[in-house]
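Colleague: I'm new to reading protein models. Could you walk me through some features, one at a time?

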Amino acid sequence: MSRVVQRASNPSGETATTGYAAVPGTTGVAAITNPVSVIAFAGTHVIQCTWSTASTAAGGGLTYDVVVVAGEVLSFGWNRVRPTISNRLQMSIEWRTNVGTISTVAGPTAQVTSATNSDATTWKQENLTAPALATVARVKLLSVAGTGYANWSIASNLQVDALMVNAGATLQPYVDGSRGYLYEWAGVAHASVSTFYTPVITLTPLGDAHPCPRMLVVVDDLPVVVASLSLYRTVGGRQFRIRGAVMIDVAGGYSTLDVEVPLGAQATYRAQMFNSADLELGFTATAAATTDSTQCWIHNPLDPYGAIPISVEVPSAQSLTRRSDGEVFYPQNRVLGVLISGPRRGLAGVDLYFSTDTISDADKFEAMLGGYSDDDQVVPVLCIRIPATLSRLPGTFFGAVLALEQKPVDVHMGGSLIAWQASADEVSPPFPGIIVPLLTRDDIDAAYATRNAIDAAYATRLAEDRDYSLAGTA
């Protein structure tokens, strides 16, 4: 479950006693307060029912009213129950309309010891369906006749805290909007329903050539406090920031295409979340998936539309070398030297052999490293992705290619086969915040005649932003 809604609007009595009522019992007099208490489960206050006149029969305690809808399934639970006298208590749910009782569902009964806490492992009722016409569920915790029963005495009290009411057949851990950045009040704090968000990453591997094999990454269920995020991918112990998803503004959710995901290797993603002041809030849970392909794909990182599948010839990456710069020094009177070195560097001098069999792909390959005009100059770094089963090269290899040798094989005979040779050094990719967007506003506008048509086609803005079937169509 990625989102849990707390249906009790005043679950811990932090600022008021709204919704709670005392049930004094026969001849008893009792009142509800919300004192500060060291036994509080949430916040610092509890709800307390205190007797100023003793009861003389079972049935004394307290209640809380929750707004419900007929037909919905709900679960209820108290996370803190503590009486000052030992007693026998019973929890129950009374279904009500605005004019009276419909029915009551009896719940757990237990003997409780004075000044001892009990919790939702005892005090819960799950998988209850609100009957027809029900508008209120009255959560009751009352003394009941039987072994361990005692009358409420003068000055005795019953303290409760952290009521949880949620939709569904299973009681969820306690929620209120003041418990952290993943929790939100729908309105006034401690006087409205609240929600606990568990941001979820959903991954969809896409193996087609639109423009190349990629991973669709969707982050859903972000709380309002999350104003931006950065996405990370980890493969084989190496972590990369996702291009175009660096401190990106978000509103409830986000989606992007990772066109640099390795092929044939499991990739693990997580998102780092920030508030509007750019302060880190934490990370989402991880998600992992594999994008499969039997071909090698290559593109300039700043132009994913120029990606092409390319044949990798046998001599490629047969020798892989990583150097560490350093020098051995021999101090006076020492037999063995001392190594002074820097960090180990990336791969250097990787020999690459490719072939293309169409003039179109050959032209695109050439264009990845720049053309002749000033406007066609680019950073000569290639993103090379060879399937994991075919090479020991890193799954996403960013290679600086300063010279690309083209060897036409049969062009002189009217063919189109061209062999290519290059030597590449592993380098950092261009800053991942820079990207040519795959899906643009122009793509959306070109597909629909009016703004109303766009609104009718998508249920949410996030759904519109991730309709990558329209990418590049403008």
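Colleague: Which residues form one aromatic cluster with Trp420?

Modeller: Phe354 and Phe365 do: together with Trp420 they form one aromatic cluster. Rings of Phe, Tyr and Trp (its six-membered ring) pair if their centres lie within 6.5 Å; planes under 30 degrees apart count as stacked, over 60 as edge-to-face, and the rest as tilted. This is a predicted model, where local features need pLDDT of at least 70 and side-chain atom pairs count only at pLDDT 80 or more, while totals for chains, interfaces and linings use all residues. Residues are numbered from 1 along each chain as its sequence is written, and side-chain values use heavy atoms, with hydrogens and water left out.

Colleague: How many aromatic pairs does the structure hold?

Modeller: Nine. One of them is Phe41 with Tyr174, edge-to-face, at 5.8 Å centre to centre and 90° between the planes. That pair links distant parts of the chain, 133 residues apart: Phe41 is in the loop between E3 and E4, and Tyr174 in the loop between strand E11 (157-167) and strand E12 (183-185). Strands (E, at least two residues) and helices (H or I, at least four) are DSSP runs, numbered from the N terminus.

Colleague: Is Tyr174 buried or exposed?

Modeller: Buried means under 20% relative accessible area, exposed over 50%, and partly exposed in between (1.4 Å probe, protein chains only). Tyr174 has 5%, so it is buried; Phe41 has 32%, so it is partly exposed.

Colleague: What about Ser37, in that loop between strand E3 (29-33) and strand E4 (47-53)?

Modeller: Ser37 counts as buried because its relative accessibility is 14%. Contact means heavy atoms within 4.5 Å. Not counting residues up to four places away in sequence, Ser37 touches Thr44, Val46 and Gln159.

Colleague: And how do I read a nonpolar core?

Modeller: Think of a set of buried Ala, Val, Leu, Ile, Met, Phe, Trp, Tyr and Cys residues joined through side-chain atoms within 4.5 Å. In soluble globular proteins, nonpolar side chains tend to be buried together. Here the largest core has 34 residues, and those touching the most other members are Phe76, Trp78, Trp95, Trp123, Leu141 and Leu158. Strands that each supply at least two residues of this core include strand E6 (73-83), strand E10 (136-143) and E11.

Colleague: Which residues is Leu141 in contact with?

Modeller: Leaving aside neighbours within four places in sequence, the contacts of Leu141 include Trp78, Trp123 and Leu158, and also Gly60, Gly61 and Gln90.
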